[in-house]
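User: I would like to learn how to read some features of a protein model. Please take them one at a time, with the general idea ahead of the case.

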Amino acid sequence: VGLKICTDYSLLIEINSETDFVSKNIDFQNFVDDILHICAKNKYSIDSLLKTQYSNNEKVADRLQNLIAKIGENLVIRRLSYLDAESKNTVFGSYIHNKINDNIGRMACVVKMVSNNCSNKDVIDLANKIAMHITALKPLSLDQNSLDRKFIDKEKEIYTSQLKASGKPENIIDKIVEGKIKKYLSEVTLINQNWVLDPSFNLAQVIQDFNDKNNDNLSILDFKLFIL
């Protein structure tokens, strides 16, 4: 997974090899770095990226095929995602896990935030720590409103079925399920998760405390997490 922060957007790209051995190959790593550099100049889909110029003599698709022939293993540009900066108050936090180099690792996360003082090193430091938190706890969404309803419905179905099978009275099942769903949401929605650096606080409380101490309006707008 490659990660790059630009002025107007940030990007994540996943490029797969068949074996871990090839991922440590310097030619493969250089290719990923080159693709990150290309993607930082313009926003692409995978199709348009493959058709763009890699060097004077070849397009990205040509370079990819030549590298496959040289390494002897199939390589695939699997997915590419951008997060746009919405204003001059946008700040990006980032984290790469199991780094191969400064831009490549086995997991990578970008979090998009807004702040009154996005050049403040404390803001950037917290944004990077939140990206690390996301990589560690892997939330499904930012909050309950952005969580796909099918996840909640599935959990309700599982809990209800389990409680009925255990012989719980019908009149208390709904109340128990409601409590279990609340706990589930605290585990899978970022803003309600316990802060990885101090589980006695959830992330909403960490951000509120930061804003109170720094007279800021820091908030999370979105995030992207790529895991091989």
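User: Is Lys 138 buried, partly exposed or exposed?

Analyst: The model is predicted. The general idea is a pair of cut-offs: under 20% relative accessible area is buried, over 50% is exposed, and values in between are partly exposed. Lys 138 has 38% relative accessibility, so it counts as partly exposed. Lys 138 sits in the loop that runs between helix 5 (121–137) and helix 6.

User: What is notable about the phi of Lys 138?

Analyst: The phi of Lys 138 is positive, about 50 degrees, although the residue is not a glycine. Asn 215 also has a positive phi of about 50 degrees and is not a glycine. Asn 215 belongs to the loop between helix 8 (203–214) and strand 8 (219–227). With 69% relative accessibility, Asn 215 counts as exposed.

User: Which other residue lies in the loop between helix 5 and helix 6, and is that residue buried or exposed?

Analyst: Leu 142 lies in that loop between helix 5 and helix 6. Its relative accessible area is 16%, so Leu 142 is buried. For a distance check, take Leu 142 and Ser 166: they are 24 residues apart in sequence, and their C-alpha atoms are 33 Å apart in space.

User: How far apart are the C-alpha atoms of Thr 90 and Val 206?

Analyst: Those C-alpha atoms are separated by 19 Å, with the two residues 116 residues apart along the chain. Thr 90 is part of strand 4, and its relative accessibility of 11% puts it in the buried class.

User: How many salt bridges does the structure hold?

Analyst: The general idea comes before the count. Side chains of opposite charge can pair when their charged atoms come close. The cut-off is a side-chain nitrogen of Lys or Arg within 4 Å of a carboxyl oxygen of Asp or Glu. This structure holds 12 salt bridges. One of them joins Glu 14 and Arg 78, whose closest N and O atoms are 3.1 Å apart. That pair links distant parts of the chain, with Glu 14 in strand 2 (residues 9–16) and Arg 78 in strand 3 (residues 76–84), 64 residues apart. Glu 14 is buried, at a relative accessible area of 2%.

User: Which residues are linked with Glu 14 in a network of salt bridges?

Analyst: The network links Glu 14 with Arg 78 and Arg 79.

User: Which parts of the chain does the salt bridge of Lys 112 and Glu 86 tie together?

Analyst: The side chains of Lys 112 and Glu 86 meet at 3.0 Å, N to O. Lys 112 is in strand 5 (residues 107–114) and Glu 86 is in the loop between strand 3 and strand 4 (90–97), so the salt bridge ties together parts 26 residues apart in sequence. The partners fall in separate accessibility classes: Lys 112 counts as buried at 5% relative accessibility, whereas Glu 86 is exposed with a relative accessible area of 58%.

User: What separates Glu 187 and Lys 183 along helix 7?

Analyst: They are separated by about one helical turn, because they are four residues apart in helix 7. Their side chains form a salt bridge at 2.5 Å, N to O. Glu 187 is partly exposed, with a relative accessible area of 43%, and Lys 183 is exposed, with 52%.

User: At what angle do helix 6 and helix 7 pack?

Analyst: Helix 6 (residues 149–165) and helix 7 (residues 170–188) pack at about 135 degrees, and their axes are 9 Å apart. The general idea is to sort the angle by cut-offs: over 145 degrees counts as roughly antiparallel, and 65 to 115 as roughly perpendicular. The angle here therefore makes helix 6 oblique to helix 7. Their crossing is right-handed.

User: Which residues form the nonpolar patch on the surface?

Analyst: Leu 137, Val 196 and Leu 197 form it, and together they have about 220 Å² of accessible area. The cut-off for patch residues is over 30% relative accessible area. Val 196 has 33% and is partly exposed. Val 196 lies in the loop between strand 6 (194–195) and strand 7 (198–202).

User: How many helices and strands does the protein have, and what does its C-alpha trace span?

Analyst: The protein has eight helices and eight strands. Its C-alpha trace spans about 70 × 50 × 30 Å along the principal axes. Of the 228 residues, 41% are buried.

Terms used:
Residues numbered from 1 in each chain as written. Predicted model: local features only at pLDDT ≥ 70, side-chain atom pairs only at ≥ 80, totals over all residues. Heavy atoms only, no water. Patch = residues over 30% accessible without salt bridge, like charges linked within 9 Å, V, L, I, M, F, W, Y side chains within 5 Å. Areas by Shrake-Rupley, 256 points an atom, 1.4 Å probe, with all protein chains shown as cover. Helix = DSSP H or I, 4+ residues; strand = E, 2+ residues; numbered from the N terminus. Buried < 20%, exposed > 50% of the residue type's maximum accessible area, 1.4 Å probe, protein only. Axes fitted to C-alpha atoms, helices over the stretch in contact; angles between N-to-C directions. Parallel < 35°, antiparallel > 145°, perpendicular 65-115°, else oblique. Left-handed = near helix turned anticlockwise from the far one by under 90°.
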